[in-house]
Amino acid sequence: MTALVARPVAQHRSANQRHALVATAHTRLMMLMFLFGAAVLVVIGRLGMLAVQASLADPQARAAIIAARGDIVDRNGAPLARTIDAWTIAVHPKKLIGDPTEVASKLAALMPEAGDQAHYYALLTSGKSFIYLQRRASPALVEQVNAIGEPAIVFDRDTQRLYPQSTMAAHALGFLSTAGHGMSGMERVLDERLTNPALNGTPVALSLDNRVQAAMESELGRAMTTFSARGAGGIVLDVATGEVIAMVSLPTFNPNRVGMAGSEELRNITTQSVFELGSTFKPITMATAMDTGVVTSFARRFDATHPLQVGRFTIHDERGDPKRWLNMAETLIYSSNIATARVADEVGPARMQTMFKKLGFDTKPDIELREKGRPLWPKYWARTTTMTTAYGHGIAVTPLHLASAYAALVNGGIWRPATLLKVAPGHAPVGRRVISEQTSARMRQMLRLIVQRGTGRKGDAPGYRVGGKTGTAEAAVSGGYDHSRNVATFAAAFPMDAPRYVVLAMLDSPLGTKETGGWKTAAWNTAPVVGRTISRVGAMLGVVPDAHRDIDVSDIVPTLWQDPTRTQPTGQ
């Protein structure tokens with residue numbers, strides 16, 4: 001019996017359908033994965049484009065990111081200016097998602113120093129593509145602003161110029177612009193060097209010694225407060241190299257927050273401001289007289305018995321000064337205007353001008369800084385001009401001019417430009433001779449006698465053999481002088497038997513105090529500043545105090561008139 005069996009057509013068709021469905025699903029899955037991958041790539045590409053557009057939207061913004069900038073250190077390697085990591089906070093107003101009123105309120109609460117809620121609201125609704133909210137932001141602030149949750153607010157790594165000593169040496173160092181370029185001080189002078197990628201790994205060493213700088217700032221700040229002065233300036237200068245070991249200008253500013261400083265704080269009083277520096281010019285006049293052969297002997301005396309009348313001008317001395325004939329050393333010890341004027345009259349205008357020009361008094365101070373003031377040079381040198389400039393009236397220079405001149409007076413007669421860069425041993429800048437070695441030796445003797453017996457006694461520092469000259473001049477104003485104000489200066493050097501450093505202190509418009517008996521002159525205010533500064537820094541600078549050592553003045557002392565009644569310094 002034959003049986004007929006039907007073929008399983010349905011089952012076969014079912015298997016084929018399953019294979020088709022699997023293939024279709026696989027194809028769809030591959031297409032979905034492809035589309036998802038493409039979407040991811042589009043998103044990533046869009047984000048990249050936004051980033052590029054944001055950076056290109058504001059070219060100034062890109063320039064504002066400070067490139068790595070080399071460090072500045074003092075002569076001993078202590079950091080004065082460094083570059084550290086920081087953050088930048090910015091916003092894309094066009095991409096703002098949240099309520100601008102609410103976001104502005106939160107920003108004002110976190111960054112009130114930039115403005116109030118209205119200020120931030122105006123920024124957020126300005127329609128600009130990119131605005132900086134804060135540069136050099138702290139990590140803590142970044143975290144707080146990020147917590148606002150606004151996608152339009154963006155953050156980026158930045159670099160920050162940090163001045164770890166805060167206000168110390170601010171005028172010498174200077175500060176940067178928001179674009180990271182030097183705007184003043186050595187930051188400006190060294191801008192190209194500090195931004196050179198090939199060099200910024202090596203710090204630049206300045207001539208400053210931060211220990212000496214700190215000591216002088218402390219002493220001048222104390223004096224400025226005590227005598228209620230408008231301003232103060234101080235310099236410590238190496239007499240052999242012209243290196244500026246300390247440069248102080250008060251009031252000062254904080255280069256970390258330069259936006260809070262005014263024009264007075266930003267002005268460098270030691271290099272930009274010019275003053276009539278009074279009797280500190282008298283040693284220069286005596287050096288000129290000796291070096292030109294006008295006066296060759298300490299035995300020669302000049303009449304200071306009565307005021308000197310020259311045309312309609314009358315030259316006086318301070319009350320209480322000896323009214324008699326004075327030799328050159330006594331003229332400086334007693335700071336006689338009359339005797340100095342008589343010496344200058346014999347020197348004459350041509351030789352006085354020649355000496356002043358040799359010392360650079362007719363040009364801006366010679367130093368790397370761009371912030372320099374031009375001296376006030378007399379337009380016409382009448383006979384009275386020669387006499388008055390001899391004791392520092394009628395001619396105005398910066399304190400740095402005077403410090404460099406005193407270095408030449410005591411270092412053997414060589415004037416050198418000042419520098420704020422560290423000088424390698426044996427590489428002192430080339431200078432020019434302004435007086436002979438013999439004249440310089442005489443000046444060292446007379447400057448020491450001023451401190452031992454004259455107006456500079458309060459500027460002495462035990463064991464350091466200080467020599468120097470006080471100077472007090474009425475403050476020059478437009479059209480004349482302000483008789484209620486003066487400029488008090490003490491320019492000194494130490495040790496006088498082998499001079500190493502000039503130390504100068506100046507106060508603008510100091511007032512008298514009960515302790516000074518009302519005196520507001522250099523003998524009472526700036527001379528003590530120099531004495532205290534030398535006592536603090538002398539050993540740091542390698543000068544060993546020695547109470548049994550001094551410069552030999554034995555050949556001059558017998559020529560001096562001994563005045564047993566003169567026990568205190570007086571006006572100048």
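Glu-102 is partly exposed in this predicted model, with a relative accessible area of 45%. Its salt-bridge partner is Lys-106, and the closest N and O atoms of the two are 3.3 Å apart. From this pair, the tour below moves on to other salt bridges, a five-stranded sheet, a pair of crossing helices and a few backbone details.

**Salt bridges**

- The model holds 21 salt bridges in total, and the one between Lys-106 and Glu-102 is a good place to begin.
- How many residues apart are Lys-106 and Glu-102 in helix H3? They are four residues apart in this helix, which spans residues 100-110, so about one helical turn separates them.
- Lys-106 is partly exposed, at 35% relative accessibility, and Glu-102 is partly exposed at 45%.
- Another salt bridge joins Glu-437 to Arg-433, where the closest N and O atoms lie 3.8 Å apart.
- Glu-437 counts as exposed, with 55% relative accessibility, whereas Arg-433 is partly exposed at 42%.
- Arg-442 and Asp-555 form a salt bridge too, with 2.6 Å between the closest N and O atoms.
- Which parts of the chain does the pair of Arg-442 and Asp-555 tie together? Arg-442 belongs to helix H17 (residues 437-453), while Asp-555 sits in the segment after helix H18 (526-537), so the pair links parts that are 113 residues apart in sequence.
- Arg-442 is partly exposed, at 25% relative accessibility, and Asp-555 is partly exposed as well, with a relative accessible area of 41%.
- Some salt bridges share partners: Arg-69, Arg-161, Glu-187 and Asp-191 are joined in this way into one network.

**The five-stranded sheet**

- Five strands make up an open sheet, and their order is E7-E6-E16-E15-E14. The pairing in this sheet is antiparallel.
- Which strands form the edges? They are E7 (244-250) and E14 (467-477), each of which pairs on one side only.
- On average, and ignoring direction, neighbouring strands of the sheet are turned by 10° against each other.
- Within the sheet, E6 (residues 231-238) and E16 (residues 501-508) pair in the antiparallel sense over eight bridges.
- To find a bridge between E6 and E16 in the structure, look for Gly-233, whose bridge partner in E16 is Met-506.
- Helix H16 (residues 399-410) packs on the sheet and touches E6, E14, E15 (480-494) and E16. The direction of H16 makes about 150° with that of E16.

**Two crossing helices**

- The axes of helix H11 (residues 282-291) and helix H14 (residues 349-358) come within 10 Å and cross at roughly 115°.
- The crossing of H11 past H14 is right-handed.
- Which residues make this contact? H11 contributes Ile-284, Thr-285 and Thr-288, and H14 contributes Arg-351, Met-352, Met-355 and Phe-356.
- Sorted by class, the contact between H11 and H14 has four nonpolar residues, two polar ones and one charged one.

**Backbone details worth a look**

- As background, most peptide bonds are trans, and most residues other than glycine have a negative phi.
- The peptide bond from Leu-250 to Pro-251 is cis, with omega near 5°. Pro-251 is found in the loop between E7 and helix H10 (263-266).
- A cis peptide bond also runs from Phe-494 to Pro-495, where omega is near -20°. Pro-495 has its place in the loop between E15 and E16.
- Ala-169 is not a glycine, yet its phi is positive, near 60°. This residue lies in the loop between strand E4 (153-162) and helix H6 (170-173).
- Is Ala-169 buried or exposed? Ala-169 is buried, with a relative accessible area of 2%.
- Ser-335 likewise has a positive phi, about 55°, although it is not a glycine. Look for Ser-335 in the loop between helix H12 (328-333) and helix H13 (337-347).
- Ser-335 counts as buried, because its relative accessibility is 0% and the cut-off for buried is under 20%.

Conventions: Residues numbered from 1 in each chain as written. Predicted model: local features only at pLDDT ≥ 70, side-chain atom pairs only at ≥ 80, totals over all residues. Heavy atoms only, no water. Axes fitted to C-alpha atoms, helices over the stretch in contact; angles between N-to-C directions. Left-handed = near helix turned anticlockwise from the far one by under 90°. Contact = heavy atoms within 4.5 Å. Nonpolar A, V, L, I, M, F, W, Y, C, P; charged D, E, K, R; others polar. Salt bridge = Lys/Arg side-chain N within 4 Å of Asp/Glu carboxyl O. Buried < 20%, exposed > 50% of the residue type's maximum accessible area, 1.4 Å probe, protein only. Pairing = 2+ DSSP bridges.
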